[in-house]
Amino acid sequence: MASVEHALPAPRLSAPSAPSLGPSSSVVVVGAGLAGAQTVGALRRQGYAGRVTLLGAEGVPPYDRPPLSKELLSRPSPAWLAEDLGVDVEALADDVRLADPAVRVERHDAAGRAPWEVTTRAGERVAADHVVLAVGSTPLLPGGWDGARLLHTVDDAEALRGALRPGLRLVVVGAGWIGAEIAGVAAGAGARVTVVEAAPTPLRRQLGPVVGAHLAPWYAAAGAELVTGALVAEVRPDGVRLADGRELAADVVLAAVGARPATDWLDGQVPRDARGSVPVDASGAVRGLPGLWAVGDCATREHPVLGAVPGGHWSAALHDPDATVAAMLGAAPEGPGHAPYVFSQQLGHDLALFGVPAEDDEVLLRGDPAGGTSGHDGWAAFYVPRGSLGDGPVAGTDPASGPTAEPAPGGRVAEVRAVLLVDSPRDVGPVRKAMNRTGHLRVDLDVALDPTRRLRDALR
């Protein structure tokens, strides 16, 4: 991934040689989640009058997945996109098949035929001038973990919701986004929750060790036990055995150890990277395969500043389809594109992450993560490429004691790769606008690291 201080030139959007999208053309959208529904909506919003086919796998209309964990108990029915976003795929698409997923995508070279053909599980072949892959991701379930439950679909959520009760022994394997969100919800419902994490801190991979260490106390405060640095040796329906021999008894075990793009069925048909993602340019076009596009969790998309950004960000599924459809219809790109965005409600706290932290970033803190006695005083973490600040001390870099007393040198401006806002709702809008405007963020450290001053005044 490119560092923000060495910004890449904006990639040229592909100019596919596939047929133009006139009223007699056809588009097949593969995947009926948020990204797929948004693609169908964008096609109609931007004036496409040709035939649209939508292929889904779950047998239900498109819905938003984040509420399955964040609002497991407070929102017992799915967040249907027709109601939440106004995207009614039944009304917008010509052919909607919610329980007949694609199993093969082929390109044809014969003259007089649509260049693409999609084969469904039922065996039907659907011709298309353009194909958009929006197949999302699938949760990881290591071999031998058949005794664990997952939380990925409406049915998964319904089953877990029905099992939760006061006194239930719930073991969650994984302290990532979903594990933390479920831990808070379940503990609040009276369950006895234990979260097992292989890394030394929660959200280590997503937010790094410095920030992760500040999140660890949230578990006990919410009534859940956190066990870190623990490898799982065995998962059974009645509990988990750790590599050090400890046994954790459970009535329910939930595996929340990550997800991967749902693209295995594309083997030998479409290029994929090591994660299983489909690499695309800034428009969502698959290079070398005119007329094939990918959006959302299944794509790794080029960003003009951040470089290759893997899918998995809710914002990608929400916003990327608009830019992809515009490119498909021949429109010029507008700006650098939105910054990756993740929002999480976990253990009594709200987190908003903009951008993509890198493993070796320096972390600068605004405010005190300990938050006094309430734990709800807002704070922020700025991820700055290592070495870009020089050798001088910078306020807020001591992970052990929180913000340091020594201020940053006056007027020092830093390029910021990512920003995490914690319990800071008033800062979400300004940071989002600033990052989306240029694709990266420059901040005045003297202002940004002083919690008595407005964060918006530090944004450049």
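What is the accessible surface of the protein, and what share of it belongs to carbon and sulfur atoms? The accessible surface comes to about 19200 Å², and carbon and sulfur atoms account for 51% of that area. The legends below describe a predicted model.

**Figure 1. Overview of the protein.** The secondary structure comprises eleven helices and 29 strands. Of the 460 residues in the protein, 53% are buried. Among contacts between residues at least 6 apart in sequence, 64% join residues at least 24 apart.

**Figure 2. Close-up of Thr194 in strand 12.** Strand 12 spans residues 192-196 and includes Thr194. Thr194 has a relative accessible area of 13%; because this value is under 20%, the residue counts as buried. Beyond its neighbours within four places in sequence, Thr194 is in contact with Leu170, Val171 and Val172, as well as with Glu225, Val227 and Leu248.

**Figure 3. Close-up of the largest nonpolar core.** This core contains 45 residues, and those with the most contacts inside it are Leu170, Val193, Leu207, Val211 and Leu420. Helix 6, residues 177-188, supplies the largest share of the core, with seven residues. In soluble globular proteins, nonpolar side chains tend to be buried together.

**Figure 4. Close-up of the surroundings of Leu207.** When residues up to four places away in sequence are set aside, Leu207 touches Trp177, Leu215, Leu351, Leu353, Tyr383 and Leu420. Both Leu207 and Leu420 are listed with the residues that have the most contacts inside the largest nonpolar core.

**Figure 5. Close-up of another nonpolar core.** Apart from the largest core lies another of 29 residues, including Val40, Val52, Val89 and Val96.

Key. Residues numbered from 1 in each chain as written. Predicted model: local features only at pLDDT ≥ 70, side-chain atom pairs only at ≥ 80, totals over all residues. Heavy atoms only, no water. Helix = DSSP H or I, 4+ residues; strand = E, 2+ residues; numbered from the N terminus. Buried < 20%, exposed > 50% of the residue type's maximum accessible area, 1.4 Å probe, protein only. Contact = heavy atoms within 4.5 Å. Areas by Shrake-Rupley, 256 points an atom, 1.4 Å probe, with all protein chains shown as cover. Core = buried A, V, L, I, M, F, W, Y, C linked by side-chain atoms within 4.5 Å.
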